[in-house]
Every structure is written in C-alpha cells, then in structure tokens.
Amino acid sequence: MEAVASNQPLLLEIDRLTVDFGTGRRARPAVRGVSLRVYERQTVGIVGESGSGKSATALAILRLLPSPPAVITGRAIFKGDDLLKATSDRLRHVRGGEIGVVFQDPMSSLNPALTVGFQIAEALRVHTGMSRHASAARAIELLELVGIPDARTRSQNYPHQFSGGMRQRAMIAMALSCRPVLLIADEPTTALDVTIQAQILELLRRLRDEFGMALLLITHDFGVVAGMVDTIHVMYAGQVVETGPVKDVFRHPGHPYTDGLLHSLPQLGVDKHSLLPAIEGNPTDASHALPGCPFRPRCPIAVDRCAIDNPPLMRFGATQLVACWVRGDAVDTG
C-alpha cells in the first residue's frame, strides 16, 4: 500500500512482510506487516531508529537472515518472482547480480585476507563468467569509477589498508559490478565523518543516475534522505508508521513520531544555546510492544483507542499515509 503510485514500471513489491525470531511464546517480532513498493529508477528511503526493523526488512527480502531462528512470512516480489519462495539458484543470480547491496560496515563485509581488487573481480566471475584477466581489469575500472585514486595499485591492497571512506567506495564498486537494476544501501554513511558522508551520498546519487537503477536507502538520519529520496517510509517498533513523498512528509509530518523526529533536528537561525525538543521516553522494542499503538507510551496526542487497537496506515492529506487514529483518515486504506 502506498499513497501515490509512480508512472515507472514496478520493480520490487514487499507485501505484509513479517520477521519473527523464534516461534510460539518465545517468538520475538522484529518486522510487523511491512508493505512498500520500489519502482524502476526510483529512490526510496526507509528511516528509523536502531532496532526499528529497517535493516531486518532488507535482509529478509534477500533471505540473508538465518532460518532458524528467523521466521519470515509475506511476499517480496522482484520482477515477478517471490524472493521468499525462490530457489537457491535464483537467489544466487539475484543477490549481487540484479540486486546490489552496500552494507553499513564495510570492514566486516570485506574479506580481510583477500585484496580489494580480487574480491570485486570474484563477483564478476561468479555472476558474469568473465575471465580472470578481464574481471581484474574491470575491477580496476570500477574502483576508478567510484573515485579511488591510483586504482590499479590500490586494487592490490587489503581492506585494512583503505580508509573507512575508501572501503565504502570499494563496497559500492562491488555492488555495482554487475550493473544491478536495484541497489540496497544499508546505512552507507554510518561511522563516517560529515565530509566523507556527503561524498558517499553524492557518489550514490551520481551512480544511480548514470546506471539508471533504483535505490533503496536505509538510514536512521533524516538529513541523509532529505535530498536523496523520492518516497520515504518511517519505521517504528518494526512497522511503517508514515509514508509519502519526502517533500510532503518533511513539510507536513503526519505521525507524531515523524513530527517529533523532525522537530528534534537542529534548525538554522535558532539560538545555539537553546535545547532541542526531544521525544519523551525510550524507543519501544518491537518484541515487547504492548497492545495498541506501539508509539502510545511516548505520544503527546494519544487517545483511549490507541491503547486498544494498533492503527493501520490511513490517509493523511493527498499524498501521505499514517498509522495514527488521531491524524489518519477514519477510512482504512488497507
């Protein structure tokens, strides 16, 4: 379900995705009924605090969560195929081929015992059948494409010989090696200083346009998605609580959680000594959520119904959806 559809062909549809760790009384829900769509050449953002379920959503659709303990239900339709039911051969073709992934910690994602160039070339050999010589040459071209200086020499370096920003660039080069139609970037700027963050985001923006691919950007930082995405999905306690065009959500946030997050950001022209508004209370753990709306214990506008029923996504204005009994349209759009 979404507020406004795109005129581009649909590429990925996640439908009522749930992720539980364990079964029965010991089940710990991490993702609760997430639905979203990604169209060709579109950039979609998933924003939420740590533990909100945003990374688990991405890992689940690619079947990268160990099962058991993860129990995954729902659908993840990619180019007509349900990835949650796909064969191992189909998944190997999709992961790293049609869908590229940039993980948040490149140091743990890259093999410390292999050179950076070898790891990029290996992905090319596996997915395209390139020869060793041709894949090594292409790896150097990809490192040049993502802005690694002296790429021929640096391709022979090991990951620990790269800076954090350069490792992230190398991960992007690997993710793009097979020219994917969709790139999933999970917290691509975490642990990088502000200058390097800006460079990585600009690199992703440029390569997105150059390759003509869709981008699913996962982050906890509203500033990251502000100038990058077309549509934003705000997650809290394992579920989407607001979705819509990023400009509309920033201009008129509908859900109290989105409202609180945006008001807690530093603003130009505000006295630097003044305290920023904060959302009271602590983030709700999806696995220990109480009945009703998971944001209710922290919500300044909660009503009695919020303690009983968990609201579905409902209309808010012309382009947004919010999971809120107070602000959403009374007609359930699901």
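## Helix α4: length and cover

What span should the 13 residues of α4 have at 1.5 Å a residue, and how far apart are its end C-alpha atoms? The expected span is 18 Å, and the end C-alpha atoms are 18 Å apart, so the two values agree. Keep in mind as you browse that this is a predicted model.

Several residues of α4 are buried: Val116, Gly117, Gln119, Ile120, Ala121, Ala123, Leu124 and Arg125. What covers these buried residues includes α5 and α7. Just after α4 comes Gly129, with a positive phi near 75 degrees.

## How α4 meets α5

Two packed helices are described by the angle between their axes and the distance between the axes. Helix α4 (residues 116-128) and helix α5 (residues 132-145) pack at about 120 degrees, and their axes are 8 Å apart. Angles over 115 degrees and up to 145 fall outside the perpendicular and antiparallel ranges, so α4 and α5 count as oblique to each other. The crossing of α4 past α5 is right-handed.

On the α4 side, the contact is made by Val116, Gly117, Phe118, Ile120, Ala121, Leu124 and Arg125. Facing them from α5 are Arg132, Ser135, Ala136, Arg138, Ala139, Leu142 and Leu143. Sorted by class, this contact of α4 with α5 has nine nonpolar, two polar and three charged residues.

## Helix α7 and its partner α8

Now for α7, which is mostly covered: eleven of its twelve residues are buried. Among them are Gly165, Met166, Arg167, Gln168, Arg169 and Ala170. With twelve residues (164-175) at 1.5 Å each, α7 should span 16 Å; its end C-alpha atoms are 17 Å apart, which agrees.

α7 packs with helix α8 (residues 194-211) at an angle of about 15 degrees, and the axes are 10 Å apart. That angle makes α7 roughly parallel to α8, and the crossing is right-handed. From α7, the contact takes in Gly165, Gln168, Arg169 and Ile172; from α8, Ile196, Gln199, Ile200, Leu203, Leu204 and Leu207. The classes here are six nonpolar, three polar and one charged.

## Val224 and its surroundings

Val224 sits in helix α9 (residues 222-226). Which label fits Val224, buried or exposed? At 3% relative accessibility, Val224 counts as buried, because the cut-off for buried is under 20%.

Leaving aside residues up to four places away in sequence, Val224 touches Thr189, Leu201, Leu217 and Thr219. The C-alpha atom of Val224 is also 9.4 Å from that of Val47, although the two residues are 177 residues apart along the chain.

## Backbone details to look at

Most residues other than glycine have a negative phi, and most peptide bonds are trans. With that in mind, here are some places to visit. A cis peptide bond joins Ser67 and Pro68, with omega about -5 degrees, and another cis bond joins Pro68 and Pro69, with omega about 15 degrees. Pro68 lies in the loop between α1 (54-61) and β4 (70-78), and Pro69 is in the loop between α1 and β4.

Positive phi values appear in residues other than glycine too. Glu187, in the loop between β7 (182-186) and α8, has phi near 50 degrees. Glu187 is buried, with a relative accessible area of 6%. Ala237 has phi near 55 degrees and belongs to the loop between β9 (231-236) and β10 (239-245). Ala237 is buried, at 3% relative accessible area.

Note on methods
Residues numbered from 1 in each chain as written. Predicted model: local features only at pLDDT ≥ 70, side-chain atom pairs only at ≥ 80, totals over all residues. Heavy atoms only, no water. Helix = DSSP H or I, 4+ residues; strand = E, 2+ residues; numbered from the N terminus. Expected span 1.5 Å × (residues − 1). Buried < 20%, exposed > 50% of the residue type's maximum accessible area, 1.4 Å probe, protein only. Axes fitted to C-alpha atoms, helices over the stretch in contact; angles between N-to-C directions. Parallel < 35°, antiparallel > 145°, perpendicular 65-115°, else oblique. Left-handed = near helix turned anticlockwise from the far one by under 90°. Contact = heavy atoms within 4.5 Å. Nonpolar A, V, L, I, M, F, W, Y, C, P; charged D, E, K, R; others polar.
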